[in-house]
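Let's walk through one helix and its surroundings, starting from a single residue. Keep the viewer open as you read.

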Amino acid sequence: MLEKPDAPILLITGTDTGAGKTTVACGLIDRLVRSGLSVDVCKPVETGCKRDSSGRLAVEDGIRLLKASRTGSSLDQVVPYRFELPVAPTVAAAAAG
């Protein structure tokens, strides 16, 4: 991710899985990018991840955010922490050790 200390930050937050946070974020990101702005994205934690064929925890929301932003960031930069258990991040992290 790019580090620009003077860049505005927009935080999308909400409760419960399926509340629409990623959908709203992708819509906003798309609109900002279409207006000519450069948008970098970060979803620090994604829970409820399933294992892919290589055994790695795959993310869905992170991919959607990355595609919407059209940046060169890596998926590991966008979603650095991934957990299998579909619960609150702190609970998932504790369960994963």
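Start at Thr-22, which sits in helix α1, the stretch covering residues 21-34. Bear in mind that this is a predicted model. Is Thr-22 buried or exposed? Thr-22 has a relative accessible area of 9%, and because the cut-off for buried is under 20%, Thr-22 counts as buried.

So what does Thr-22 touch, once you leave aside its neighbours within four places in sequence? The list is Lys-43, Asp-61, Arg-64 and Leu-65. With one of these, Asp-61, there is a polar contact: the side chains of Thr-22 and Asp-61 come to 3.2 Å.

Now zoom out to the whole helix. α1 has 14 residues, and at 1.5 Å a residue they should span 20 Å. The C-alpha atoms at the ends of α1 are 20 Å apart, so the expected span and the model agree.

Thr-22 has company on the inside: Ala-25, Cys-26, Ile-29 and Val-33 of α1 are buried too. Look down the axis of α1 and these buried residues fall within an arc of 100°, which means they line one face of the helix. What do the buried residues of α1 pack against? Their partner is α2, residues 61-69. Turn to the face of α1 pointing away from the buried side, and you'll find Arg-31 and Arg-34, which are exposed.

One last stop, just past the end of the helix. Right after α1 comes Gly-36, with a positive phi of about 100°.

Methods. Residues numbered from 1 in each chain as written. Predicted model: local features only at pLDDT ≥ 70, side-chain atom pairs only at ≥ 80, totals over all residues. Heavy atoms only, no water. Helix = DSSP H or I, 4+ residues; strand = E, 2+ residues; numbered from the N terminus. Buried < 20%, exposed > 50% of the residue type's maximum accessible area, 1.4 Å probe, protein only. Polar contact = N/O pair within 3.5 Å; in protein donor to acceptor, adjacent residues only side chain to side chain. Contact = heavy atoms within 4.5 Å. Expected span 1.5 Å × (residues − 1). Arc of directions from axis to C-beta.
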